[in-house]
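Student: I have a structure open on my screen and I'd like to zoom in on one part of it. Could you walk me through it slowly, one piece at a time?

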Amino acid sequence: MPQYYIWTIGCQMNKAESQRLGSFFEQRGYLATATVEKADIIVLNSCVVRQSAENRVINKLNALKPLKRFRPSLTLALTGCLVNSDTEQLKKDFPHVDFFFKPGDYPHWLEKAERGQVLPQHPPPSIYVPIIQGCDNFCSYCVVPYRRGRERSRPIAEITGEVRELVHRGAKEVTLLGQNVDSYGHDLPDQADLADLLNELSTIDELVRIRFLTNHPKDMSTKLIETVACLDKVCRQISLPVQSGSNDILKAMRRGYTVEHYRQLIAEIRSKMPKVALSTDVIVGFPSESEEQFRQTFSLLSELRFDIVHVATYSPRAGTIAAKELEDNIPAIEKRRRFDMIEQLQEGIAAEINTQLLGTTVEVLVEGKKDSKWQGRTRSGKLVFFSDNGDYPGKLVNIRIEKTSPWSLQGKIELSGIN
Ligand code: SF4
């Protein structure tokens with residue numbers, strides 16, 4: 001049997017696309033292999049959001065050159081954000097690659113694949129479903145709109161049909177994905193929105209949980225917040241990247257909102273869902289970010305107390321407005337200091353939030369086993385581990401929490417609560 005190997009780097013969108021591509025190969029009779037040497041087809045799913053990610057992709061591409069030279073029949077394909085409209089340049093730079101295709105835009109040997117045909121036969125209990133591609137926002141530091149193009153929403157009927165099929169095949173939880181998921185639907189003829197989609201998906205009987213990410217603060221509507229608050233299947237977990245606590249930096253980032261607006265949004269979300277779990281993203285060391293502006297970010301995070309903070313140091317990305325117009329003038333060592341300060345702050349906050357769960361019982365959807373322990377997530381998205389000899393993948397279990405850390409929880413199964 002021919003074998004395929006997919007290498008993926010980057011966001012959940014890439015992971016979801018690789019999963020679909022893998023299913024497609026399997027339906028064609030290919031077997032997955034964990035080693036490039038055994039593969040007949042190798043697909044690299046690339047990311048360029050950070051320079052370090054792009055470098056890793058380039059290193060991987062170059063590392064495959066000898067293999068392709070040694071075995072010319074090997075098919076090598078590149079997809080993901082490194083593939084832009086200028087494939088001619090890519091062809092010159094990487095002549096050993098056979099195909100370049102944009103995310104979701106399968107090459108001719110895959111093009112007959114309907115989306116519905118590439119769903120996994122045996123999906124995991126929790127699966128990603130892309131609902132909107134691209135981004136219209138052009139934040140000054142970000143390459144996504146240049147690489148993934150403008151926003152394109154999938155029709156509600158198509159997504160609902162796909163989720164029904166996934167649930168029929170065994171999935172229990174879906175995470176709806178988009179670079180800017182809360183702007184879903186504005187480009188559809190009927191202008192349906194994410195709230196309408198959540199309502200529709202909630203009617204699918206065997207589907208037990210729905211999540212969505214990542215949101216943009218300027219698109220988070222009261223209608224969406226109220227819909228999440230009233231639909232039982234939608235998890236009370238919202239990702240809302242703030243990026244900076246300084247209005248001047250937000251303006252330079254072209255984020256389209258102020259700190260005051262953001263704070264108000266969080267207050268509205270918490271007033272309608274007191275137990276909501278919130279996560280955010282922050283960039284430190286943006287061009288000209290002063291100590292005072294960094295402190296504003298630090299104190300906003302101390303004030304709002306998120307469950308999770310993803311922090312990144314600024315790095316210029318070629319072609320973006322920030323790379324063209326702003327000098328990357330914060331020294332690397334200073335960026336690192338700011339990064340470490342936020343990581344340390346967040347570790348303390350997450351530890352305190354998670355400690356409150358000690359002794360409580362939480363509902364966990366079991367996703368699989370890691371290092372001989374079962375692992376799954378609570379409705380609020382917290383990672384939980386437990387040991388037991390039973391067979392639990394895809395089951396909802398009640399776990400009594402006995403140990404907490406900033407990153408995960410551990411506990412014991414309550415056998416009466418298995419569904
Ligand atoms: Fe990039 Fe901004 Fe779009 Fe997010 S919202 S993908 S940061 S341009």
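Does glutamine 191 count as buried or exposed, and why? Please start there and then show me what the helices that follow are doing.

Tutor: Sure, and keep in mind that what you're looking at is a predicted model. Glutamine 191 counts as exposed, because its relative accessibility is 56% and the cut-off for exposed is over 50%. You'll find glutamine 191 in the loop between strand β8 (173–178) and helix α7 (194–201). There's something else to notice about glutamine 191: its phi is positive, about 55°, although the residue is not a glycine. That deserves a second look because most residues other than glycine have a negative phi.

Now move on to the helices. In general, two packed helices are described by the angle between their axes and the distance between the axes. Let's use that for α7 and α8. Their axes are 9 Å apart and the packing angle is about 20°. That makes α7 roughly parallel to α8, since angles under 35 degrees count that way. As for handedness, α7 passes α8 in a left-handed crossing. On the α7 side, the contact uses Leu194, Ala195, Asp196, Leu198 and Asn199, which meet Lys223, Leu224, Thr227 and Val228 of α8. Sort the residues of this contact by class and you get 5 nonpolar, 2 polar and 2 charged.

Before we leave α8, peek at the loop leading into it. Threonine 214 sits in the loop between β9 (209–213) and α8. The peptide bond joining leucine 213 and threonine 214 is cis, with omega about 0°. That one is worth spotting because most peptide bonds are trans.

Next, follow α8 (residues 222–230) over to helix α10 (residues 259–272): here the axes are 9 Å apart and the angle is about 25°. So α8 is roughly parallel to α10. This time the crossing is right-handed, with α8 passing α10. The touching residues are Thr222, Ile225, Glu226 and Ala229 from α8, and Leu265, Glu268, Ile269 and Lys272 from α10. The class count for this contact is 4 nonpolar, 1 polar and 3 charged.

Keep going along the chain past α10 and you reach methionine 273, in the loop between α10 and β11. Methionine 273 is buried because its relative accessible area is 3%, and the limit for buried is under 20%. What does methionine 273 touch, leaving out residues up to four places away in sequence? Its contacts are Ile225, Val228, Ala229, Arg236 and Ile238. Two of those names should ring a bell: Ile225 and Ala229 also belong to the α8 side of the contact with α10. Another one, Val228, came up where α8 meets α7. As for Arg236, its C-alpha atom is 7.2 Å from that of methionine 273, although the two residues are 37 places apart along the chain.

One more helix pair to go. Helix α11 (residues 291–304) crosses α10 at roughly 10°, and the two axes come within 12 Å. These two helices are therefore roughly parallel to each other. From α10, the residues involved are Val259, Tyr262, Arg263, Ile266 and Arg270, while α11 brings in Leu300, Glu303 and Leu304. By class, that contact has 5 nonpolar, no polar and 3 charged residues.

Last stop: the loop between β11 (277–284) and α11, which is where serine 288 is found. Like glutamine 191, serine 288 has a positive phi without being a glycine, and its value is near 70°. How accessible is serine 288? Serine 288 counts as partly exposed because its relative accessible area is 49%, and exposed would take over 50%.

So here's the picture to keep in mind. α7 is roughly parallel to α8, α8 is roughly parallel to α10, and α10 and α11 are roughly parallel too. Among the loops, look back at exposed glutamine 191, buried methionine 273 and partly exposed serine 288.

Note on methods
Residues numbered from 1 in each chain as written. Predicted model: local features only at pLDDT ≥ 70, side-chain atom pairs only at ≥ 80, totals over all residues. Heavy atoms only, no water. Axes fitted to C-alpha atoms, helices over the stretch in contact; angles between N-to-C directions. Helix = DSSP H or I, 4+ residues; strand = E, 2+ residues; numbered from the N terminus. Parallel < 35°, antiparallel > 145°, perpendicular 65-115°, else oblique. Left-handed = near helix turned anticlockwise from the far one by under 90°. Contact = heavy atoms within 4.5 Å. Nonpolar A, V, L, I, M, F, W, Y, C, P; charged D, E, K, R; others polar. Buried < 20%, exposed > 50% of the residue type's maximum accessible area, 1.4 Å probe, protein only.
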